[in-house]
Amino acid sequence: MIQISNLVKKFGERTAVDGISLHIKQGEIFGLLGPNGAGKTTMIRMLTMLTRPTAGMLSINGWQLPQDEQQVKQILGIVPQHFNLDADLTARENLELHGRLQHIPREKRRQRILELLEYVELAERANDKVQNLSGGMKRRLMIARALLHKPQVLFLDEPTVGLDPQVRRRLWDLIRRMANDKLTVMLTTHYIEEAEFLCGRVAILEKGKLIALNSPAELCQRLGVYVVEWSVDEGRQTKFFHSREEAAVFAGTLTMTTTIRRSNLEDVFVELTGRKVAD
Ligand SMILES: Nc1ncnc2c1ncn2[C@@H]1O[C@H](COP(=O)(O)OP(=O)(O)OP(=O)(O)O)[C@@H](O)[C@H]1O
């Protein structure tokens with residue numbers, strides 16, 4: 001569905017994206033992770049045609065960028081990180097306005113809006129002004145808006161930033177439902193548990209380069225599924241093992257208090273980049 005080959009983006013002397021190649025399949029939920037400045041936003045901006053690559057090849061559903069920009073626009077949906085709904089309009093009016101801008105014929109538009117309000121579980125709030133909706137509802141409305149023209153690929157930039165855990169889970173359910181309905185989803189996130197829960201595969205970027213690409217489970221497996229963790233003056237120290245027995249034997253050699261637990265994507269991230277995700 002999405003083919004990225006040796007993609008490069010330079011801003012003057014600075015290389016924001018440095019030769020990235022990826023292939024993303026239909027119906028996949030694909031996560032882009034990386035510390036601040038790793039190049040995630042620049043990648044998404046190139047894929048959504050907000051900026052042109054310096055070099056490399058990009059194609060979506062067989063269409064080449066930038067040549068086939070018009071066709072690609074019709075199959076992309078974009079949910080930006082910052083709320084950009086019209087706060088004075090109702091949920092339905094926001095969709096109506098967007099549908100008109102997309103030149104969706106009136107009857108089709110009405111039908112699609114009804115369908116989508118149901119889909120994102122906002123039918124009961126359709127006539128509420130956006131300013132009276134919660135953060136999670138606004139995000140769901142933005143997703144509905146991005147789906148109006150029935151895209152095949154949806155880009156979500158930090159979809160659950162600032163939302164509390166329960167609300168976040170509801171959005172995760174929606175994102176999963178969309179992927180089950182064959183939509184290809186590409187998202188960026190700073191929440192590692194979000195990537196772990198949602199994404200079939202993740203790409204970890206650092207300084208514009210791809211440093212890991214796999215399923216969260218596979219990445220943990222490579223690192224070692226069990227972690228021995230203990231405190232040192234500078235913070236926490238960890239060591240990874242492929243079996244609980246090995247981990248227990250090692251823990252037994254330490255004099256301080258240790259914890260044995262399963263590794264997670266956060267461990268992978270810290271090991272590979274040497275940083276916490278939220279740094
Ligand atoms: N318009 C621009 N002009 C110059 N440099 C830029 C521009 N946009 C991005 N950069 C640089 O490119 C690099 C990658 O930035 P980018 O915003 O893609 O990272 P990111 O992974 O999305 O970071 P964050 O998690 O903070 O959003 C950074 O060094 C950034 O300063």
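## Terms and model

A residue is called buried if 20 or more other C-beta atoms lie within 10 Å of its own, exposed if 12 or fewer do, and partly exposed in between, with C-beta atoms placed from the backbone. The model is predicted, and local features need pLDDT of at least 70, side-chain atom pairs count only at pLDDT 80 or more, while totals for chains, interfaces and linings use all residues. Residues are numbered from 1 along each chain as its sequence is written.

## Helix 8

In helix 8 (residues 216-223; helices are DSSP runs of H or I with at least four residues, strands runs of E with at least two, numbered from the N terminus), the buried residues are P216, L219, C220 and L223. They lie on the same side of helix 8 because they cover an arc of only 100 degrees around the axis, taken from the directions from the helix axis to the C-beta atoms. Just after helix 8, G224 has a positive phi of about 125 degrees.

## Nonpolar core

The largest nonpolar core, meaning a set of buried Ala, Val, Leu, Ile, Met, Phe, Trp, Tyr and Cys residues joined through C-beta atoms within 7 Å, has 66 residues, and those touching the most other members are L116, L141, A144, L154, F155, V185 and M186. Helix 5 (residues 135-147) supplies the largest share of this core, five residues.

## Ligand shell

Around the ligand stand F11, R14, A16, G34, N36, G37, A38, G39, K40, T41 and T42, each with its C-beta atom, placed from the backbone, within 6 Å of the ligand. Helix 1 gives the largest share of this shell, three residues.
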